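Biologist: Thanks for sitting down with me. Could you bring up the model so that we can go through it together?

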Amino acid sequence: MSPDELVYLGILAASIPVGFLFRFLSPSAKQVTALLVGLSITIGTCHFHTLHSLVTVIGTWIIIKSSWQYAPALSLAWTFLYLLFFRLVTSFGLPSPTPFANAVQLLLTLKMVSVANEVKSFHSEKKKEVSSFETKSPVIGCLAEELSFYDLLSYSYCYIGIMTGPFFRFQTYSDWLRQPCPRELPGWDPCLQRLKLVPVFGALFVVVNSLFPLAYVRSEEFLDRNFFFRFFYMIAVFFVFRMRFYAAWCGAEAGCISAGLGCYPESALCKPGGGPTVSYSTDPRGGEKYDFKTIQNIDCYNTDFCVKVRHGMRYWNMTVQWWLHHYIYPNAPFKAYTLRAGWTMLISAYWHGLHPGYYLSFLTIPLCIAAESAMEAGVRSKLGPQGQNVFDWVHWFLKMRAYDYMCMGFVLLKASDTINYWSSIYFIMQVIAVCCIIVGRALKGTKRADREETRDGKTKKTE
């Protein structure tokens, strides 16, 4: 493991026991302590580059106070433009940010766009109440009161998930501060449940990474190996990639659980990232069962064993997927699903960074989605139950290989390295995807022609 990874591991490990201590604090003490701990972590790892995150917060605050109506769009433009400056900062003669500063900036960007949307919802609902001359019950997930700069600052630098995620809305943070009887909420059992496989993920990461180092892909010797070895190598690389994030995100979720963040009754029907979707009781002594779905960032089983490419995205980095689905996808300048998905993937690639490998990988996803849609309509719909079962297993196998393939762009980063690897296995996944689109659409067209021919035959017989 690299020194940076050891620092991340140390922060994650320390956040779990520290979280349990927060259950003993009052709301005001919890808020200031979480802020101070988060600032200490940020300054200790980012140093001078902490100013980048502070400028982002101040800029968002100015936008919110100047024009709450346009705050969502303006905050998105502001934070994403600042991300561009942040990544090109060396061009302006400033020192290159640390990886820790980059992690803080990524999560902060999500938070600032989200809080701007929450503020707009708050003012919109308040305006409706005034115009209708009646007091309405609070909207689920809507702010209960005006946001202060201190609130924004403490939310931005709350130590929980400050570098690793998961993303959570301001409302989730506010609910955490004001939890009634936090010591009565579940903690140890769900925390241990989330941590039980982390040693396994960590061990597999270390072992397989040592056997299949990424650097070997860039060597001339690698290209001399046979096709099957080169093809298998991407499976090993994606396995290492998954084990690393499974361990990190399960650990990050455990840090949230220990502090009680994102703990809601099961009856609240929470969504990862979004929180409750229906009204719920806030008294933990009422016999309700609780869960931590609001801060769930990874579903390891379904990531590996769901059938479709589009479903795989739902179970990976789940809180960020919620953010993309609610703030980016609905505002895409296209109506078609595939084009909207492409736009969302483009924004996601930009959020991750400027490396061409991100774009090559993310923009392959819409092609894969189009392929599986074509094959479902043209092939699967014609099969019986047993045939559909076989189809789904083949679909699952190809889904995993598609993610293996796209992962190479995500980890190699450079366009030349990514294309060199993809060309070494003959761009196999793009070729398969295009063939599936052609075959699926051709068979779908055949089915439509047969249906029309049958309808014409019935018409003639009637005549």
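Biologist: How many salt bridges does a search of the whole structure find?

Modeller: Happy to help, and please keep in mind that this is a predicted model. A pair counts when a side-chain nitrogen of Lys or Arg is within 4 Å of a carboxyl oxygen of Asp or Glu. Searching the whole structure on that basis, the number of salt bridges comes to eleven.

Biologist: Let's take R169 then. With which residue does R169 form a salt bridge, and how far apart are the closest N and O atoms?

Modeller: R169 sits in the loop between α6 and α7, and its partner belongs to helix α5, 51 residues away along the chain, so the pair links distant parts of the chain. Both residues are buried. The partner is E118, with the closest N and O atoms 3.4 Å apart.

Biologist: And E376 with K308: is each of them buried, partly exposed or exposed?

Modeller: The side chains of these two, E376 and K308, meet in a salt bridge of 3.2 Å, N to O. The pair links distant parts of the chain, with E376 in helix α17 and K308 in the loop between α12 and α13, 68 residues apart. Buried means under 20% relative accessible area, and partly exposed lies between that and 50%. At 18%, E376 is therefore buried, while K308, at 22%, is partly exposed.

Biologist: Which residue forms a salt bridge with D404?

Modeller: The two partners both lie in helix α18, three residues apart, about one turn of the helix. An α-helix has 3.6 residues a turn, so residues three or four places apart point the same way. Both partners are buried. With the closest N and O atoms 2.6 Å apart, the partner of D404 is R401.

Biologist: Now for the empty space. What is the volume of the largest cavity?

Modeller: Rolling a probe the size of a water molecule over the atoms shows where empty space is left. The whole structure has two cavities of 30 Å³ or more. The space in the largest cavity is about 130 Å³.

Biologist: Which element gives the largest share of the lining of the largest cavity?

Modeller: The lining is made of 15 residues, with L12, S15, Y159, G161 and T164 nearest the centre. Two elements give two or more residues to it, α1 and α11. By class, the lining has ten nonpolar, five polar and no charged residues. The largest share, four residues, comes from α1.

Biologist: How many charged residues are in the lining of the second largest cavity?

Modeller: That cavity has a volume of about 40 Å³, and its lining includes W61, K65, F122 and E146. Helices α3 and α5 each give two or more residues to this lining. By class, six residues are nonpolar, one is polar, and the number of charged ones is two.

Biologist: On the surface, which element gives the most to the nonpolar patch?

Modeller: The patch is formed by F48, L51, L54, I58, I62 and F149, with about 500 Å² of accessible area together. One member, I58, counts as partly exposed, at 35% relative accessibility. With four residues, the element that gives the most is α3.

Biologist: Last one: why is helix α6 largely enclosed by the rest of the structure?

Modeller: Helix α6 covers residues 149–156, eight residues in total. Those that are buried are D151, L152, L153, S154, Y155 and S156. The helix is largely enclosed because the number of its residues that are buried is six of the eight.

Technical notes: Residues numbered from 1 in each chain as written. Predicted model: local features only at pLDDT ≥ 70, side-chain atom pairs only at ≥ 80, totals over all residues. Heavy atoms only, no water. 1 Å grid on protein atoms, 1.4 Å probe; cavity = no way out; pocket = protein on both sides within 12 Å on 5 of 7 lines; lining within 4 Å. Points joined across faces, edges and corners; volume = space filled by probe spheres on them. Nonpolar A, V, L, I, M, F, W, Y, C, P; charged D, E, K, R; others polar. Patch = residues over 30% accessible without salt bridge, like charges linked within 9 Å, V, L, I, M, F, W, Y side chains within 5 Å. Areas by Shrake-Rupley, 256 points an atom, 1.4 Å probe, with all protein chains shown as cover. Buried < 20%, exposed > 50% of the residue type's maximum accessible area, 1.4 Å probe, protein only.
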